[in-house]
Amino acid sequence: MTETPPPPAPAPAAAPALALAGLVKRFDDKVAVAGIDLVVPSGSFYGLVGPNGAGKTTTLSMATGLLRPDAGTAWVHGVDVWADPVAAKMMIGNLADGVRLFDRLTGEQLITYTAMMFSVPREQIAPRVADLLDLMDLRDAAGVIVADYSAGMTKKVALACALVHAPRLLVLDEPFESVDPVSAANIEDVLRSYTATGGTVIVSSHSMDLVQRMCDHVAVIAAGRVLAAGTVDQVRGAQSLQDRFVELVGGRHTSEGPQWLRQS
Amino acid sequence: MVATVLKLRYRILGNTLARRPWQLVGFCFGILWALSILALVISVLIGVSRLDDLEPVRAVAILGGSALLLGWIVGPLLIAGIDTTVDATKLATFPFTTRQVMAILTATGLTGIPGIATSIAALATLVLWVRSPLAVVVAVPCIALAVLTCVVATRLASALSTGLGGNRRGRELVGTIVLVVIIFAGPLTTGALAALSSAGDIGAQFGRTADVLGWTPFGAAWAVPGDVAAGSYGTAVLKFVIAVATLAVLWVAWRWSLERATVSPPRQATRAVRPGRLGLFGVMPTGGVGATWARSLTGWLRDPRYLRQLVVAPLFPILFAFTGGVDGFMFAASPVMVAFVLCIAGYSDISYDGTAFASVLSSGIRGRHDRWGRILGAACVGVPLTVVIAVVTAVIGGHVSTLAATLGAALGLILVGYGVTAVSSALIVTPVAAPGDSPFKTVPGQTFVSGLLVFVVLAACGVLAAPALIVGGVGMVGRDPAVGLVALAVGLVVGAGVIVVGVLVGGRTLERTGPDLLQRIKAFPTT
């Protein structure tokens, strides 16, 4: 790997919502992220796609201050995440994948708690929590503890927590996993109007159809590197995003499966 | 099929030990410990078998056997934790009948280290009956019966305590009941022992106890060879029937609990609170301190893992009242012991968050706000509890004049403890039971070193609280109310000082170490 000097911090006014420069993360001997550069323009709906183990979650963790990078820098609206984590995190709404919530609280308590953590003024908390419960179709389950929620409901309450402090940047790791299609469509509407008013969303997903439909920008990541990044139309060209992804990542093989698995 | 699962279990153990050298060290110490206990037991048995009189030999067999079974039932709950490497829920996806699952679980129980040690020790009891060849022959099936009873009983106990077959609420209920039983088990045992020893001749008492136990499920199997050796064949047959019936009942009960576990719906609808019931979250001020305070206090009041640490506290005064009487110094000083237990409870507090710590980390609150919130949450429970115990013990013991001194030492220690753990919990995370799991489950990945760190934290608390403890001790011994007031002042001032410093240092440390703590928590093996 050649040493490139990190680019200077972009000026806050024109700064992109999220900028990553040379992010590297190793776990023991395994390189999870091998130098990722990415610019997420302000107001964009940015998709992050890649096969299992590509380093999506690791990258997003480093971008949101949850995982210390071995090298490289992340800026959120011009604020260096690892130099001034408090200021950066105040701007981020984060839905992390593979972590628990404080699931002994009821859904309503959990969203209220998250709002308090971000110092939302007391008089604004209750209306916001009510709006989010309606938005996520969780009104009936508001008083049930989160440990008793189904997987999709848990995802939705986590999404509500990410939204409650009205962040400038939403970082959503697998937000639609096991969410029912009606809720997903409702959430999609909200996210769309959020980006239309200047908010920025970055989602990681395995669903190419969803990314092609929802996102205006996309980055394809595999083996800890960015294979392609830009607007969705630039990346996919004349093909569907699905075909372009397979072409970039490789590994598709056509077969009917092993003989012993066939039922007739 | 049984052999496959046994192989799997040893493969899991091997993989865990190979990856974690320090756990291997702990494991070796465990084996050495088991071997030394085994050697001790065998030498005692050989010594007893040399006695001419048959009565003490029978008493030893019955009492030892009963204690063994009791140990198998309560040991996993209290000390060792329940081994969940192979359990019914993990076998549920495989096409086994309930009978096969039970056979597998019995076999894994027999072939673990405790199972092997128990089998060897039980076989060693054959030496007790060398005087009567017929008794030796009879003893062999009795030993098999007794060892199997131990294994099945422990499986049933763990099935009940982890509430297999219940929903979450049922599990938590069973957990709470077990906690209550544990609280009362200590005083009851000491009381029973006190009654026993006050009755005079200990040898005769043991003999009589053994006679009674020989007719109960605990000692029946162990009483049969003794009865045969003594020539009373009628009672031997009756006791053998009791032993067989015990195993049969345990087996059926276990089978019932497993079958219930497989047919009960995984998540029943739970009672929901009315929307708008925010609990402490509606009361505390908004901001990082208030949010953490509300969350932490909710945990202390509701989470079995915290409650487990709280219920130990009232045990000390009760224990010392039984052993030393309410006039004794230890009873008067027991509030300090309570403070000692409570102050160390949060030494790795972030471990209890589990990976939910990620949501604390991504909110980016200042480290010192997190520290204040956690201290306030712990103190809202710990300080009143300490004060109440101090006042109650002072009134009961009739030494109200030294109350100020006791309070000074106890409050000084607990406040210092909060300050010290504010720093230690920013550095140390240990594997703990996940939220909602039984607090009695063994947690993989606990290492020798992380166990030793507790003592480092304890030592720090002791050193920093020394001024309050010394002045308080002088006040308690000298019974001088003026010294008591000084002790109270010293305790509060020193405690407050250590807390402020601890919050500042711990807060700054946490801001630096937070991401690393999260990574370490994520790396803990999960069951």
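These points go through chain A, the contact between chains A and B, and the nonpolar cores of a predicted model.

1. Chain A as a whole. Chain A contains nine helices and 10 strands. Its C-alpha trace extends about 60 × 55 × 40 Å along the principal axes. The radius of gyration of chain A is 19 Å, which agrees with the value near 18 Å that a compact globule of 264 residues would have.

2. Packing within chain A. Of the 264 residues in this chain, 49% count as buried. Among contacts in chain A with a separation of 6 or more, 67% join residues that are 24 or more positions apart.

3. The contact between the chains. Chain A and chain B each put 37 residues into the contact. On the side of chain B that touches chain A, the elements giving two or more residues are helix 12 (288–302), helix 17 (357–363) and helix 22 (481–523) of chain B. Helix 12 of chain B gives the most, with six residues.

4. Composition of that side. Which classes of residue make up the side of chain B that touches chain A? The residues there divide into 14 nonpolar, 14 polar and nine charged.

5. The largest nonpolar core. This core has 163 residues, and those with the most contacts inside it are Val157(A), Cys343(B), Ala410(B), Leu413(B) and Val416(B). Helix 19 of chain B gives the most to the core, with 15 residues.

6. Val416(B). With residues up to four places away in sequence left out, Val416(B) touches Cys343(B), which is also among the residues with the most contacts inside the largest core. The other residues that Val416(B) touches on this count are Cys461(B), Leu464(B), Ala465(B), Val494(B), Gly495(B) and Val498(B).

7. The other core. Apart from the largest core lies another, of 47 residues. Val101(B), Ala159(B), Leu213(B) and Trp222(B) are among its members.

8. Ile414(B). Helix 19 of chain B, residues 403–424, holds Ile414(B). Is Ile414(B) buried or exposed? Ile414(B) counts as buried because 31 C-beta neighbours lie inside 10 Å, where the cut-off for a buried residue is 20 or more.

9. Surroundings of Ile414(B). Setting aside neighbours within four places in sequence, Ile414(B) is in contact with Ala339(B), Leu342(B) and Cys343(B), and also with Gly382(B), Val383(B) and Thr386(B). Cys343(B) is thus listed for Ile414(B) and for Val416(B). Between Ile414(B) and Ile344(B) the C-alpha to C-alpha distance is 8.4 Å, with their positions 70 residues apart in sequence.

Methods
Residues numbered from 1 in each chain as written. Chains lettered and ligands numbered in written order. Predicted model: local features only at pLDDT ≥ 70, side-chain atom pairs only at ≥ 80, totals over all residues. Contact = placed C-beta atoms within 7 Å. Helix = DSSP H or I, 4+ residues; strand = E, 2+ residues; numbered from the N terminus. Nonpolar A, V, L, I, M, F, W, Y, C, P; charged D, E, K, R; others polar. Rg over C-alpha atoms; globule rule 2.2 N^0.38 Å. Buried ≥ 20, exposed ≤ 12 C-beta atoms within 10 Å, placed from the backbone. Core = buried A, V, L, I, M, F, W, Y, C linked by C-beta atoms within 7 Å.
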